[in-house]
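Thank you all for making time this morning. I would like to walk you through one protein model, going from a pair of residues outwards to the whole fold.

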Amino acid sequence: MRQRLFIAAIVGAIFAVTTAAIPARAEFKLAYVDVQRALNECDAGKKAKAEFQGRVTSLEGRLQRQQNEVQALKDQIEKKGMLMNQDQRQNLQDQYVAKLKNFERDYKDSKDELQAKDNEMTSKIVHDLAQVIRSLGERDGYTMVMEKGSILWGAPNIDITDQVIRSYNAMHVTIGSVGEGPGSGGVSRTSASTPERAGAPEPSEFGSTAAKRSTISK
């Protein structure tokens, strides 16, 4: 009898130790953000988009005028070239070639300029959004906040895009000045007092990655 009680006591102790060693199941809290929508609908994105469209319209008008001049010279050569003497025809041909080259160069330069401006403004705003997303994630205890473009499906109730937009708009800061990083104006994260979590990606890293898939020109 005494031996059976001793064995039971040993088994009970082993069970208690084993049970204590098993951690409680961690609670996962997930969310996702539609970065492109946040970029389109936040106040900074709307302002940048309007400025960008104004630049596009201005460049398009200038290029259209140049193209019209090139076409007019081409039409003149085709319709009246045979009636001109050699010097006149050659002079007109030289004008056409020069204007055509200028148009092609300006077209390429304008395209490059617009792309550079798009990249610049998109990068700054997405950088800000990344800071806001991380701050919200840390403050509200999310295990992970994903970008909508990198997941196949997500339940609508874990979409925090609207919350991100509202939080960013409420800050009323210069574009690119949230947190630390490119264009920072020294504005700290809303949860700057929250300790860093091991393995958490830097906001600037997320911003750089998301910016490659986003654009204010959409």
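Let me begin with a single side chain: Lys117 is partly exposed, with a relative accessible area of 24%, where partly exposed is the range between buried, under 20% relative accessible area, and exposed, over 50%, taken with a 1.4 Å probe and protein chains only. Before I go further, please keep in mind that this is a predicted model, in which local features need pLDDT of at least 70 and side-chain atom pairs count only at pLDDT 80 or more, while totals for chains, interfaces and linings use all residues. Residues are numbered from 1 along each chain as its sequence is written, and side-chain values use heavy atoms, with hydrogens and water left out.

Lys117 forms a salt bridge with Glu120, their closest N and O atoms being 3.9 Å apart, and by salt bridge I mean a side-chain nitrogen of Lys or Arg within 4 Å of a carboxyl oxygen of Asp or Glu. Glu120 is itself partly exposed, at 35% relative accessibility. The two residues are three apart in helix α4, and therefore separated by about one helical turn; helices here are DSSP runs of H or I with at least four residues, strands are runs of E with at least two, and both are numbered from the N terminus. Lys108 and Asp112 form another such bridge, with their closest N and O atoms 2.9 Å apart, and these two are four residues apart in α4, which runs over residues 86–139.

What links residues that are 125 apart in sequence? Arg37 forms a salt bridge with Asp162, the closest N and O atoms being 3.0 Å apart, and because Arg37 lies in helix α2 (residues 35–41) and Asp162 in helix α5 (residues 161–171), the pair ties together those distant parts of the sequence. Arg37 is partly exposed at 22%, as is Asp162 at 39%, and both belong to a network of salt bridges that also includes Glu41 and Asp159. In the whole structure, the search finds 11 salt bridges.

Returning to α4, this helix has 54 residues and reaches 79 Å from its first C-alpha to its last, close to the 80 Å expected at 1.5 Å a residue, the expected span being 1.5 Å times one less than the number of residues. It is followed by Gly141, whose phi is positive, near 70°.

Now to the interior. The largest nonpolar core has 28 residues, and those with the most contacts inside it are Ile125, Val164, Tyr168 and Ile216; a nonpolar core is a set of buried Ala, Val, Leu, Ile, Met, Phe, Trp, Tyr and Cys residues joined through side-chain atoms within 4.5 Å. The largest share of this core, eight residues, comes from α4. Ile216 touches, among others, Leu39, Phe52, Met121 and Ile125, leaving aside residues up to four places away in sequence, and a contact here means heavy atoms within 4.5 Å. A second, separate core of eight residues includes Leu63, Leu73, Met84 and Leu92.

Finally, the overall picture: the protein has six helices and two strands, in the order α-β-α-α-α-β-α-α along the sequence. Of its 218 residues, 32% count as buried, and among contacts between residues at least 6 apart in sequence, 82% join residues at least 24 apart.
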